[in-house]
Amino acid sequence: MKKALIVLLATSLLLIAQISAASACFVQWYEPEVPEAMK
Amino acid sequence: MTPSIQSISRRLASATRHPDRADQDAEIFAYAIKVLALNATALAGIIMFSWLLGSLHTTVIIWAAAFSLRLFAGGRHQSGPVICWVLTVGVFTMLGFLVNTFARAAGEYVLLITALGLVLALFTVVSSAPVTIPSKQFAPTKMRQLKMAAVAVVVFWATIALAPLHGIFEQPVLPLGITTGLVIQSLFILPVKFLPPTGHIGSRNT
């Protein structure tokens, strides 16, 4: 159960990171530096 | 805040991926957590304050229009997350309250205001979008795709704003809210500098 929750959370976060990095701006008026691994 | 985000992201990276990629994965998880935390808490703040002011529906319409355009068109950024959060919550709550208050007074000028706002949004998107941060470098093809997506967003909201929905909404908050959201985001796309560059003052007249 714990493993499934971790995988679910990690998949959701990876999806958010990919959408954010692919968009012009996913965040309101401030955006963290895009990680090197995603460039 | 940052140490706890790094701790969570390292734990996630070690639990889900190969050990040799753990550092890179931890960076990606930390980036996503920051994005999620900023957006979720800003939206929660906007909803809470606008609910207290009695303008929740209008504020959510304005936020939805502005955020959907910002996704593809980008815009100005602040130097840190705290000032960003305060500005985001303050501006959207204030705009929702103002639109809600002055919607009745707009009267017969609603269509004119909506049309002018949509034209401004379309002009800024076509002329200046997309605007992004230095750490994101897009290829020209991707830039064109983002611009076209931003144009599609404006057209989508225009169809809703100009649809004959007067029977459903008593006040014209829907077209005015959509227009306000698109216009406020358009202003943050424009490449306007608040301080004139040195040696160029009045150069247009020469």
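**Contacts and calls in a predicted two-chain model**

Author: Setting aside neighbours within four places in sequence, B:Leu95 touches B:Ile62, B:Thr180 and B:Ile184. Bear in mind that this model is predicted.

Reader: Thanks! What makes B:Leu95 count as buried or exposed?

Author: The count of C-beta atoms around B:Leu95 within 10 Å is 22. The label "buried" asks for 20 or more, so B:Leu95 is buried. This residue sits in helix α4 of chain B. The C-alpha atoms of B:Leu95 and B:Ser50 are 9.7 Å apart, although 45 residues separate the two along the chain.

Reader: And how do you know whether A:Trp29 is buried or exposed?

Author: By the same kind of test. A:Trp29 has 23 C-beta neighbours inside 10 Å, and the threshold is 20 or more, so A:Trp29 is buried. You will find A:Trp29 in the segment after α1 of chain A.

Reader: What is notable about phi of A:Trp29?

Author: Phi is near 60 degrees there, which is a positive value in a residue other than glycine.

Reader: Let us turn to the two chains. Why are α1(A) and α1(B) called roughly perpendicular?

Author: The axes of helix α1 of chain A (residues 2-22) and helix α1 of chain B (residues 2-16) cross at roughly 115 degrees and come within 10 Å. Angles of 65 to 115 degrees count as roughly perpendicular, so the pair gets that name. The crossing is left-handed.

Reader: Which residues meet there?

Author: From α1(A) come A:Ile6, A:Val7, A:Leu9 and A:Ala10, and they meet B:Leu12, B:Ala15 and B:Thr16 of α1(B). Sorted by class, this contact has six nonpolar residues, one polar and no charged ones.

Reader: How many residues are in contact between chain B and chain A?

Author: There are 37 residues of chain B in contact with 25 of chain A. On the chain B side, the elements giving two or more residues are α1, α2 (22-53), α3 (56-73) and α4 (81-106). The most come from α2(B), with 13 residues. That side of chain B divides into 21 nonpolar, eleven polar and five charged residues.

Reader: One last point: what kind of peptide bond joins B:Ala129 and B:Pro130?

Author: A cis bond, with omega about -5 degrees. B:Pro130 belongs to the loop between α5 (110-128) and α6 (140-162) of chain B.

Note on methods:
Residues numbered from 1 in each chain as written. Chains lettered and ligands numbered in written order. Predicted model: local features only at pLDDT ≥ 70, side-chain atom pairs only at ≥ 80, totals over all residues. Axes fitted to C-alpha atoms, helices over the stretch in contact; angles between N-to-C directions. Helix = DSSP H or I, 4+ residues; strand = E, 2+ residues; numbered from the N terminus. Parallel < 35°, antiparallel > 145°, perpendicular 65-115°, else oblique. Left-handed = near helix turned anticlockwise from the far one by under 90°. Contact = placed C-beta atoms within 7 Å. Nonpolar A, V, L, I, M, F, W, Y, C, P; charged D, E, K, R; others polar. Buried ≥ 20, exposed ≤ 12 C-beta atoms within 10 Å, placed from the backbone.
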